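Trainee: Could you take me closely through how the helices of this chain pack against one another, and then through the loops that follow or join them? I would like one connected account that I can read beside the model.

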Amino acid sequence: MLSRQVLAAWAKSDRESDGWLSLVRHCEDAAEVAGYLWDEWLPRSTRRFLAGGSTDDVARILGRFLAGTHDVGKLSPAFAIQVDMLCGPMRDAGLRFPFPIDHRSDAPHSLVGFIALQGYLQSVGFNRRTARSYAVVGGSHHGVPPTTSQAVAGAERREKHFGDAQWAAARDELIAHVIEHVDAQSLLERWASTPLTRPQQVLWTGFVIMADWIASNGHLFSLSERTESVVAAADAWRELDLPAPWFADPPDDLGDLMTDRFELPPGAVPNAMQGAVVDAARAMTEPGMLIIESTMGSGKTEAAFAAAEYLAAKFGLGGVFVALPTMATSDAMFTRVHTWLSNQGSEVVTSVMLAHSKSHLNDEFRGLDRTSRLVDIGTDSDGTPTGCTAEVIAHQWFFGRKRSMLADVVVGTIDQLLFAGLQAKHVMLRHLALANKVMVIDEVHAADEYMRHYLIRSLEWLAAYRIPVIMMSATLPGDQRVALARAYESGLGGASAGGDDIGGDLGYPVVTSVGVTRSISTVPQETLTSVTIERRDDEDATLVALLRDAMAGGGCVAVIRNTVRRAQRTAGVLRAEFGDDVVLLHSRFVAKHRSDLEKELVGQLGREGRRPKMRIVVATQVIEQSLDLDFDLLISDIAPVDLLLQRVGRLHRHRRERPAALQKPRLVLTGVLDWHAEPPTLDTGATRVYGASRLYRCAAVLDGRETITLPADVPKLVQAAYAEQVAAADAWTATMVAADRQQAARAADQRDRAETWRLSAPSGRDLIDWFTKNTLDADDPRGYARVRDSDECIEVLLTRSVGGVVYLLPQCGGDLIDTHFEPPSRLARKALNSSIRLPIELSRPDKIDRTITELELRMYEGWQSSKWLAGELVVELDESNSAEVLDYRVTYDENDGLLVDRIETQ
């Protein structure tokens with residue numbers, strides 16, 4: 001029988017209803033939820049990792065124990081004093097409240113619980129190190145681990161914040177009660193000799209956070225004073241209705257899998273590259289990493305999904321995360337993932353999420369939303385089963401910002417993976433989400449030095465959890481391949497299988513397997529394609545004449561510029577000549593407008609597109625990756641050679657009839673002021689984006705070439721451009737050496753800045769002092785640390801004021817929207833469609849604070865009550881679609897997107 005002191009303790013309260021939840025009941029609720037999570041949600045691979053050398057049953061009890069003790073620290077004066085009316089029963093039970101209890105933030109209940117559980121475990125035979133490894137799980141359940149200084153401060157203030165001996169005795173009694181409740185008495189001696197590793201502590205913390213959040217859901221667990229919890233937990237779990245882990249069950253024959261999953265035409269067979277990928281996956285005896293390098297449009301994605309199925313089936317993973325470079329590429333991939341999942345059999349139920357901040361714009365994803373119990377979307381309208389379509393749902397519980405990654409299958413930007421290497425609140429929950437899944441990372445070459453620093457640390461953690469990783473690229477430099485392999489091998493335990501034997505040109509296409517051992521599978525060359533290279537000056541008249549000549553019989557052409565301003569200017573020139581046949585696409589369109597433009601272009605220029613007779617698409621790098629666009633002619637500013645080859649992947653991408661003048665693939669290089677100079681004179685905008693070194697290196701490896709043979713020349717050009725020494729004319733040497741030094745300094749600066757916020761490695765005893773910074777949420781738009789090194793970091797919403805009445809932009813619906821009161825959710829979500837990032841002129845380091853301060857003064861008061869719009873910065877345009885921000889005029893144009901011009905002072 002529990003004492004009055006323990007029974008009087010409270011865990012949660014509602015000031016409006018005066019309701020409260022017993023601490024005993026909440027601890028038992030959390031323990032019961034943990035049992036259900038273990039039995040019905042956690043995949044086999046994660047259970048095996050958390051169990052370590054113990055049995056599944058023993059690990060299940062440990063999970064219930066850790067969840068059941070996570071809030072023991074709420075039995076303390078520093079916590080209980082928060083609600084006056086709930087202190088009375090505790091005082092009546094004999095618990096003394098010191099007065100005054102100031103500086104409560106010095107002793108959060110998670111810290112009190114950590115110290116209490118560590119002390120209890122030491123009292124029953126654990127040594128200090130082992131006790132800490134278990135106690136730190138509860139001590140970190142609010143998303144931030146304890147620090148040594150906190151623990152010392154807590155000890156100094158123990159009497160005031162922790163309470164006297166009666167409080168300590170009550171906490172020990174509650175711990176003992178949880179041990180008895182979960183039937184852990186006989187296991188304490190075993191645990192005392194087996195400390196948790198740091199990676200286990202991280203995953204157990206994520207597990208406990210998830211159990212706590214479910215047990216804290218007021219809809220599932222209503223506030224009441226009763227302490228019995230088992231029946232309530234069973235009812236709550238049924239109502240929550242989380243789907244079981246995704247279960248991969250691929251057919252033995254790869255051809256059958258490819259035909260079934262990807263709706264290939266009858267008689268289609270896997271190509272050699274796809275066969276090599278799956279063979280490498282099947283050959284793995286332990287989880288490892290596959291690096292797939294093959295041409296654009298060669299079927300890498302299908303190969304990766306097939307390999308993911310075989311790896312998940314072999315090692316017991318419960319999901320897949322597909323990481324893409326951008327939101328646009330994530331949206332494009334989501335449709336392919338949805339098709340793949342839907343073709344896995346009618347008995348399969350899979351929760352899926354599109355994990356980026358604009359997922360609400362994706363109609364296909366929104367169509368999967370299920371806000372109550374699961375609905376069978378794999379049946380005909382009359383209820384007759386279709387017999388082949390799996391049930392794919394977007395479960396309501398995963399719609400929180402911090403919960404989306406916990407769904408079975410997630411498609412999102414690579415940021416969601418890089419955040420795993422960032423010191424950020426609740427990063428443990430993200431680690432748990434990733435540890436359940438096979439990782440598929442597309443366009444891995446797109447990460448710059450800053451992002452790659454986080455990617456390397458994330459790979460170390462994934463390897464420590466024994467998570468299979470599949471990476472894809474058409475153009476991966478050899479030094480990056482080596483660095484990524486070493487990171488994964490380091491996470492496995494530091495025993496590298498080799499040195500630089502996987503660097504340089506390995507052949508192409510090639511599949512590299514990394515893990516306990518290394519292997520390289522070079523695939524026979526595919527059909528060779530010769531692309532003609534031309535170099536043209538940067539005069540407008542030259543471009544217009546080129547297009548008039550090339551498109552005399554029609555055609556679809558891409559003109560890719562390296563900066564938004566340059567693309568806007570080029571589009572204006574071409575519209576004057578070609579009218580409505582010109583379309584502009586770049587990153588400075590509001591989200592809904594850009595999404596609509598991309599859908600329209602894919603609908604016209606994709607594999608099954610209704611191709612217009614003539615189309616000129618002027619774009620920036622946004623069409624470089626993953627968008628399925630096929631052009632008859634490519635005109636591109638010079639770029640780093642790996643990225644330039646990505647652009648070439650949009651040239652004659654699919655087999656189809658083409659205009660007579662555009663039958664052969666042709667690349668026209670622009671963006672150089674003087675091709676005859678040694679080295680060529682570069683456009684300053686391009687050097688700001690990419691750095692001069694990588695542009696000179698591209699020019700050097702292409703110097704004298706009139707053709708590129710694909711795919712044979714891809715690895716040769718990429719490895720040559722990224723070699724330590726690049727072959728170039730003697731007259732280029734001094735300029736290139738200076739540019740290389742500048743690039744090296746820039747890369748070192750990026751690594752240094754990223755290191756400031758990077759998590760430490762998986763090695764180490766425990767999570768104490770795991771964070772060295774005052775952390776914010778990783779996905780908080782106001783977070784200090786980001787995983788992309790971008791000056792365009794201020795996101796705003798655009799509205800339009802006409803006669804004092806505020807409207808959404810026409811591209812977002814044009815609705816009238818109230819700014820003095822909270823708008824309806826429907827309108828609030830539409831307002832989010834108007835998001836856009838301000839350009840560098842307003843967000844570089846010397847301007848960012850002034851810009852944010854000015855925009856905060858303009859925030860709409862009524863929007864601060866909206867769960868959708870609270871905290872959003874707004875730029876309100878006038879009737880001419882313009883506004884002043886600092887000393888700049890910003891204008892939104894239907895054709896050109898956001899224009900920014902300095903306001904000239906007299």
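Mentor: What follows looks at the packing of helices and then at a few loop residues. Please keep in mind that this is a predicted model, and that every value below is computed from it.

For orientation, the chain contains 34 helices and 28 strands, and 58% of its 906 residues are buried. Among the contacts in the chain with a separation of 6 or more, 76% are between residues 24 or more positions apart. The accessible surface amounts to about 35600 Å², and carbon and sulfur atoms contribute 48% of that area.

The part to look at most carefully is the pairing of helices, and two packed helices are described by the angle between their axes and the distance between the axes. Begin with helix H22, which covers residues 449-464, and helix H31, which covers residues 733-757; these two pack at an angle of about 45°, and their axes are 8 Å apart. Angles that fall between 35 and 65 degrees count as oblique, and H22 and H31 are therefore oblique to each other. Their crossing is right-handed. On the H22 side the contact is made by Glu449, Tyr450, His453 and Tyr454, while H31 supplies Ala747, Gln750, Arg751, Arg753, Ala754, Glu755 and Trp757. Sorted by character, the residues of this contact are five nonpolar, two polar and four charged.

A second pair to examine is helix H7, residues 109-123, with helix H11, residues 165-181, where the packing angle is about 70° and the axes lie 10 Å apart. Because an angle from 65 to 115 degrees counts as roughly perpendicular, H7 and H11 are described as roughly perpendicular to each other. Val112, Ala116, Leu117 and Tyr120 of H7 make this contact with Arg171, Asp172, Ile175, Ala176 and Ile179 of H11. The residues involved divide into seven nonpolar and two charged, with no polar residue in the contact. As you read those positions against the model, it may help to recall that an α-helix has 3.6 residues a turn, so residues three or four places apart point the same way.

H7 also takes part in the surroundings of helix H8, residues 128-139, which is mostly covered, with 10 of its 12 residues buried. The buried residues of H8 are Thr130, Ala131, Arg132, Ser133, Tyr134, Ala135, Val136, Val137, Gly138 and Gly139. These buried residues pack against helix H4 (56-68), H7, helix H12 (188-192) and helix H13 (198-215).

The third pair is helix H27, residues 641-648, and helix H29, residues 692-702, whose axes come within 9 Å and cross at roughly 65°. H27 and H29 are therefore also described as roughly perpendicular to each other. In this contact Val641, Asp642, Leu643 and Leu644 of H27 meet Arg694, Cys698, Val701 and Leu702 of H29, and the residues of the contact divide into six nonpolar, no polar and two charged.

We can now turn to the loops, starting with the two helices of the oblique pair. Arg466 is found in the loop between H22 and strand S10 (469-473), and its phi is near 60°, a positive value in a residue other than glycine. With a relative accessibility of 36%, Arg466 counts as partly exposed. Gly764, for its part, lies in the loop between H31 and strand S22 (795-802). Gly764 is likewise partly exposed, with a relative accessible area of 48%. The C-alpha atom of Gly764 is separated by 6.2 Å from that of Arg198, although the two residues are 566 residues apart along the chain.

Another loop residue with a positive phi is Asp241, a residue other than glycine whose phi is near 60°; Asp241 lies in the loop between helix H14 (230-240) and helix H15 (254-262).

Two cis peptide bonds complete the account of the loops. The peptide bond from Tyr508 to Pro509 is cis, with omega near -10°, and Pro509 lies in the loop between helix H23 (478-492) and strand S11 (510-514). The peptide bond from Glu678 to Pro679 is cis as well, with omega near -5°, and Pro679 is found in the loop between strand S19 (672-674) and strand S20 (681-682).

Notes
Residues numbered from 1 in each chain as written. Predicted model: local features only at pLDDT ≥ 70, side-chain atom pairs only at ≥ 80, totals over all residues. Heavy atoms only, no water. Axes fitted to C-alpha atoms, helices over the stretch in contact; angles between N-to-C directions. Helix = DSSP H or I, 4+ residues; strand = E, 2+ residues; numbered from the N terminus. Parallel < 35°, antiparallel > 145°, perpendicular 65-115°, else oblique. Left-handed = near helix turned anticlockwise from the far one by under 90°. Contact = heavy atoms within 4.5 Å. Nonpolar A, V, L, I, M, F, W, Y, C, P; charged D, E, K, R; others polar. Buried < 20%, exposed > 50% of the residue type's maximum accessible area, 1.4 Å probe, protein only. Areas by Shrake-Rupley, 256 points an atom, 1.4 Å probe, with all protein chains shown as cover.
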